[in-house]
Amino acid sequence: MDKLQWFKFRPSDWIMGRISKTNKTTQAEFLTFCCTYWNKQCDMTTTQAKFEMSKAVWKKLTELEIIKVNGEQIHIEFLDEQMVSIDDMRQKASLAGKASAKKRNELVQLSQDLEW
């Protein structure tokens, strides 16, 4: 998968969300972490995540369930939802491309058969 250039960020969700109740250091580390998580295609372990932020911030973000832990994997819901949506669009585009290529090949074959 190519590097994704951007993710959706809604200022109203930020201001109204639990993250806004944390200090500015936690907010800054979380936003920086979101960028890292996105570049890793939303696939990170707890070990990798802990390496990216201070212990205090990790503790606060997991306590507030801003970062959710499932076994060894971590999740940030708003980014995971976007990644699933992008993956779905890519799969649909791939299937459409394959169907189009198959149709072109059939037309080329038919054209070649008619030449004989």
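**An aromatic cluster and its surroundings in a predicted model**

One aromatic cluster is formed by F7, W38 and F78. The model described here is predicted. Its chain has 116 residues, and 27% of them count as buried.

W38 was examined in its wider setting. This tryptophan sits in helix α2. Its relative accessibility is 3%, and W38 therefore counts as buried, the cut-off being under 20%. Beyond the residues up to four places away in sequence, W38 touches L4, W6, F7, L79, Q82, M83 and I86. One of these partners, W6, is 32 residues from W38 along the chain. The C-alpha atoms of W6 and W38 are nevertheless separated by 8.4 Å.

Aromatic pairs were also counted. The total comes to five. In the pair of F9 and W14, the ring centres are 5.5 Å apart and the planes meet at 45 degrees, so the pair is tilted. Tilted pairs fall between the stacked class, under 30 degrees, and the edge-to-face class, over 60 degrees. The two residues of this pair differ in burial. F9 is partly exposed, at 36% relative accessibility. W14 is buried, at 15%.

The overall fold was then described. The protein contains five helices and two strands. Along the sequence, these elements follow the pattern α-α-α-α-β-β-α. Contacts were considered between residues at least 6 apart in sequence, and 65% of these join residues at least 24 apart. The accessible surface comes to about 8500 Å². Carbon and sulfur atoms account for 56% of that surface.

Helix α2 was followed from start to end. This helix covers residues 24-39, which makes 16 residues. From first C-alpha to last, α2 reaches 23 Å, close to the 22 Å expected at 1.5 Å a residue. At the start of α2, a side-chain oxygen of N23 comes to within 3.1 Å of the backbone nitrogen of T25. The buried residues of α2 are T26, Q27, F30, F33, C34, T36, Y37 and W38.

T26 offers a second view of α2, the helix in which this threonine lies. T26 has a relative accessible area of 5% and is buried. Neighbours within four places in sequence were set aside. T26 is then in contact with V57, K60 and L61.

After α2 comes Q41, with a positive phi near 60 degrees. Q41 is placed in the loop between α2 and α3, the latter covering residues 46-51. The positive phi occurs although Q41 is not a glycine. Most residues other than glycine have a negative phi. Q41 is partly exposed, with a relative accessible area of 32%.

E65 is likewise not a glycine, and its phi is positive, at about 55 degrees. E65 is found in the loop between α4 (55-63) and β1 (68-70). At 45% relative accessibility, E65 is partly exposed. E65 and I76 are 11 residues apart in sequence. In space, their C-alpha atoms are 8.8 Å apart.

Confidence was reviewed last. The mean pLDDT of the protein is 85. A score of at least 70 is reached by 74% of the residues. Confidence is highest in strand β2 (residues 73-75), at 98. Confidence is lowest in helix α5 (residues 77-115), at a mean of 70. Where pLDDT is low, the predicted coordinates should not be read in detail.

Conventions: Residues numbered from 1 in each chain as written. Predicted model: local features only at pLDDT ≥ 70, side-chain atom pairs only at ≥ 80, totals over all residues. Heavy atoms only, no water. Phe/Tyr/Trp six-rings, centres within 6.5 Å; stacked < 30°, edge-to-face > 60°. Buried < 20%, exposed > 50% of the residue type's maximum accessible area, 1.4 Å probe, protein only. Helix = DSSP H or I, 4+ residues; strand = E, 2+ residues; numbered from the N terminus. Expected span 1.5 Å × (residues − 1). Polar contact = N/O pair within 3.5 Å; in protein donor to acceptor, adjacent residues only side chain to side chain. Contact = heavy atoms within 4.5 Å. Areas by Shrake-Rupley, 256 points an atom, 1.4 Å probe, with all protein chains shown as cover. pLDDT = per-residue confidence, 0-100.
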